[in-house]
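Work through the exercises below with the structure open. Each task is followed by a solution in steps.

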Amino acid sequence: MSKVVVEVDSLVKQYDKLLAVDGISFEVYEGEVFAFLGPNGAGKTTTVEILECIKPLTGGTARVFGYDVTRKNDVKEIKRRIGVLPQEFSALDKLTVKENIELIGDMYEKHLDVTKVINLLDLEDKTKERFENLSGGLKQRVGVAAALVSDPQLVFLDEPTTGLDPKARREVWTVIENLKKLGKTVFLTTHYMEEAQVLADRIAIINKGKIAAIGSPEELISEHGGLKVVIIRKGEEQLASVLQKRYGQTTMNSHGDILVKVDDVNELWRVMATLTDMKTGRDVDIQTPTIEDVFLKVVGGRITEEGELKG
Amino acid sequence: MRAVTIFKAVTKNWMRSRSGLFFSIMFPVLLLLVFGAIFSGTGGSSRSTLFVQNLDVSASDGKPSDFSKAFIDALNSTETFDIRDVPIEANASTHARNALGPLGGNIRILIISKGFHDDLLAGTLKVRIGIIYGTYQYFEPLMNETQKIAMQQGLAQLQQLNQSLPDTKTSLTVIVDPSDQSAAVIKNIIASIANAFNYELIGAENVIQFQEESVTATRFSNVDYYIPGLTAAFIMTNGIIALTSNTTEFKRRGIIKRLSITPLTKMDWIVGNVLSQTLLNLMLTAIMIAVGWLIFNVRVIPDALSIILIFLGSIMFSGIGMTLSGLIKDVEAASAIGNAIAFPMMFLSGTYFPLEFMPSYLQSISRVLPLTYFSEGLRFAMIYKYPEGVYINMAVVAVLAVVFLVIGSLLTRWKEK
């Protein structure tokens with residue numbers, strides 16, 4: 001069993017009449033990428049900022065490396081051990097990439113060699129470039145470099161790819177995968193389903209301040225994602241009738257495709273064997289449930305590109 | 001040490017900002033150049049245009065009378081006026097307006113009336129006869145009978161002459177534009193010349209002589225007197241406008257939040273910013289004096305007291321800036337409110353105009369403005385070399401510096417709600 005790095009129990013955060021975090025409990029383990037997945041206003045950033053000790057909690061407890069986020073002396077210890085990429089990271093515009101990373105590094109008693117951190121993030125060519133001249137993706141990379149310069153054990157990445165184009169988003173994903181390889185514990189918040197599914201070892205789906213589901217992507221899909229579906233493109237009604245008789249759960253959609261839900265891998269292979277025997281000659285696709293299906297099931301809606309909950 | 005790191009970073013960020021440099025250093029210097037050009041008298045002093053219509057000319061040859069010519073020569077000798085003649089037959093106002101052309105300018109006209117020479121001569125004789133009468137009456141008790149009889153015979157003849165002289169008339173007319181701010185000064189100069197002319201004709205002398213001395217050991221120029229005020233005013237704007245806007249912008253962009261997640265403390269952040277402001281303000285002072293020295297030959301030199309005062313002023317205005325940025329969330333609002341506070345303070349604190357020129361209620365307002373004490377203190381330190389005056393103002397600035405720094409610290413959020 002890995003060591004617990006973050007321990008949250010019945011955490012509550014109330015702003016006047018708004019209950020932003022409603023009694024959530026979870027743990028984050030050493031060396032894992034833990035993702036908080038949810039729409040805007042779900043309570044992701046609020047929770048993370050409580051753990052970063054820049055926001056007070058209203059109720060419950062939150063510990064990072066065993067230190068209590070509400071105790072002044074513990075806060076100092078937590079701040080020494082964490083690295084943070086805040087939502088919409090920004091830095092001093094007129095300073096260069098290197099100067100901005102050094103600025104954050106100099107806030108700590110010890111920090112890594114800035115040049116090494118720059119190399120790690122593939123920013124060598126941009127060392128002397130002013131922050132104001134960087135693209136969105138490069139700015140995020142500088143933000144990650146600033147988060148890593150103190151050699152933290154735990155890295156918080158709050159919406160690291162929001163607003164980035166697909167190419168820049170993939171670049172940031174590579175950085176996060178490398179962090180995992182370096183043995184860092186990563187606490188990621190995102191509203192992108194694919195991002196959580198690709199990067200996270202465990203995902204907590206959060207909505208309206210509550211955790212709706214938590215587990216590894218596989219566990220969540222297995223538990224909430226539903227069945228795999230075999231799709232036979234432009235199938236005939238006679239074929240649909242045969243498949244319905246043998247396997248049940250067979251329907252046709254408006255495009256004339258036959259959809260067969262299968263309970264497990266064995267049944268999937270049996271369906272495929274039937275299709276081979278009948279020499280249908282049709283195109284076949286296999287649709288596997290994703291975290292998006294899980295989200296739809298447990299929350300009852302989808303998240304738009306902008307992070308809003310819909311449906 | 002973290003405060004020093006913040007100081008270096010914030011200063012470097014500011015030094016590389018063109019707009020920051022312009023408003024913090026270049027703009028004050030440009031203003032100094034403008035004030036200097038106006039008040040230093042360098043670059044050739046400009047003369048005030050004065051249209052003169054001399055109606056006291058000979059009917060036969062059109063030559064001006066002796067006294068009217070002498071009066072115009074006296075006006076010229078002051079080197080104050082660019083005198084332009086107006087023909088006798090012209091309407092003086094219309095002529096002046098046409099002569100000034102479409103760009104306009106202030107109309108100032110002096111009309112010397114017909115008979116100026118004769119009136120002046122008659123008036124002078126009457127005054128002189130009056131003096132002889134007065135002298136007789138003063139010494140009469142001391143005279144013997146023979147002297148009295150001789151004097152009375154002479155006085156009777158003078159009396160006849162006096163009665164034959166015409167009554168004097170108004171001989172000079174000055175026409176000015178009521179909106180002309182120099183009009184009063186110009187009227188006084190003309191009146192002074194007329195008085196001097198009168199004294200000369202009646203043979204009187206000024207028995208009271210003026211001797212002008214400076215209150216300072218060093219003879220300072222007008223520009224010297226502006227340097228402490230301008231410097232104080234822009235140290236104020238650097239704190240209230242620039243720091244407020246920058247801090248609000250840092251807050252909006254999450255830079256302060258990012259730093260607050262590190263072991264940096266709120267006090268480190270504040271000290272770093274105050275140090276940066278102090279350096280900026282010392283640089284501003286040095287550049288203002290260097291420009292003043294190079295271009296206007298100023299002699300003002302900041303001493304240790306001035307530097308201490310600039311340090312305290314930097315803390316005070318940084319404290320006000322932090323207080324404002326703690327209260328204001330929006331960057332545009334921060335800039336607008338900073339300007340709304342700074343500009344009235346600049347004009348009401350005696351930095352540009354002496355406080356005595358203001359109505360009493362404005363003087364009362366100026367007494368509660370921090371800039372009043374700061375600029376007064378700087379003027380005492382840099383110009384008058386009057387330590388007692390510096391200490392009083394410095395004490396007020398020091399107290400306000402502590403008050404605003406405490407309020408600014410309390411309002412600077414290092415932890416969100």
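The structure is a predicted model.

**Exercise 1. Domains**

Find how far apart the centres of domain 1 and domain 2 of chain A lie, then treat chain B in the same manner.

Solution. In chain A, the C-alpha centres of domain 1 and domain 2 are separated by 43 Å. The bounds behind this value are 4-222 for domain 1 and 227-288 for domain 2 of chain A. For chain B, the assignment gives domain 1 as 2-40 + 221-411 and domain 2 as 48-202. The C-alpha centres of these domains of chain B are 54 Å apart.

**Exercise 2. Strand β8 of chain A**

Decide how many residues of strand β8 (residues 185-190) of chain A are buried, and which strands pair with β8(A).

Solution. Step one is burial. A residue counts as buried if 20 or more other C-beta atoms lie within 10 Å of its own. By this cut-off, 6 of the 6 residues of β8(A) are buried, so the strand is largely enclosed by the rest of the structure. T185(A), F187(A) and T189(A) point one way, while V186(A), L188(A) and T190(A) point the other way.

Step two is pairing. Strand β3 (residues 33-37) of chain A runs parallel to β8(A), with 5 bridges between them; here L37(A) has T190(A) as its bridge partner. Strand β7 (residues 154-158) of chain A is also parallel to β8(A), again over 5 bridges, and D158(A) stands opposite T189(A). Between β7(A) and β8(A) the chain passes through helix α6 (residues 166-181) of chain A, in a right-handed β-α-β crossover.

**Exercise 3. The contact between the chains**

Determine how many residues of chain B are in contact with chain A, and which helix of chain B gives the most.

Solution. The contact involves 19 residues of chain B and 22 residues of chain A. On the chain B side, α1 (2-15) and α9 (255-260) each supply at least two residues. α1(B) gives the most, with 5 residues. By type, the residues on this side of chain B are 5 nonpolar, 6 polar and 8 charged.

**Exercise 4. Helix α15 of chain B**

Check the span of helix α15 (residues 387-411) of chain B against the expected value, then list its buried residues.

Solution. At 1.5 Å a residue, the 25 residues of α15(B) should span 36 Å, and the end C-alpha atoms are 35 Å apart, which agrees. The buried residues of α15(B) are V390(B), N393(B), M394(B), V397(B), L400(B), A401(B), F404(B), L405(B) and G408(B). To read that list, recall that an α-helix has 3.6 residues a turn, so residues three or four places apart point the same way. The cover over the buried residues of α15(B) includes α11 (304-327) and α14 (370-384) of chain B.

Note on methods
Residues numbered from 1 in each chain as written. Chains lettered and ligands numbered in written order. Predicted model: local features only at pLDDT ≥ 70, side-chain atom pairs only at ≥ 80, totals over all residues. Buried ≥ 20, exposed ≤ 12 C-beta atoms within 10 Å, placed from the backbone. Helix = DSSP H or I, 4+ residues; strand = E, 2+ residues; numbered from the N terminus. Pairing = 2+ DSSP bridges. Right-handed = clockwise from strand over helix to strand, strands pointing away. Domains from an automatic or database assignment. Contact = placed C-beta atoms within 7 Å. Nonpolar A, V, L, I, M, F, W, Y, C, P; charged D, E, K, R; others polar. Expected span 1.5 Å × (residues − 1).
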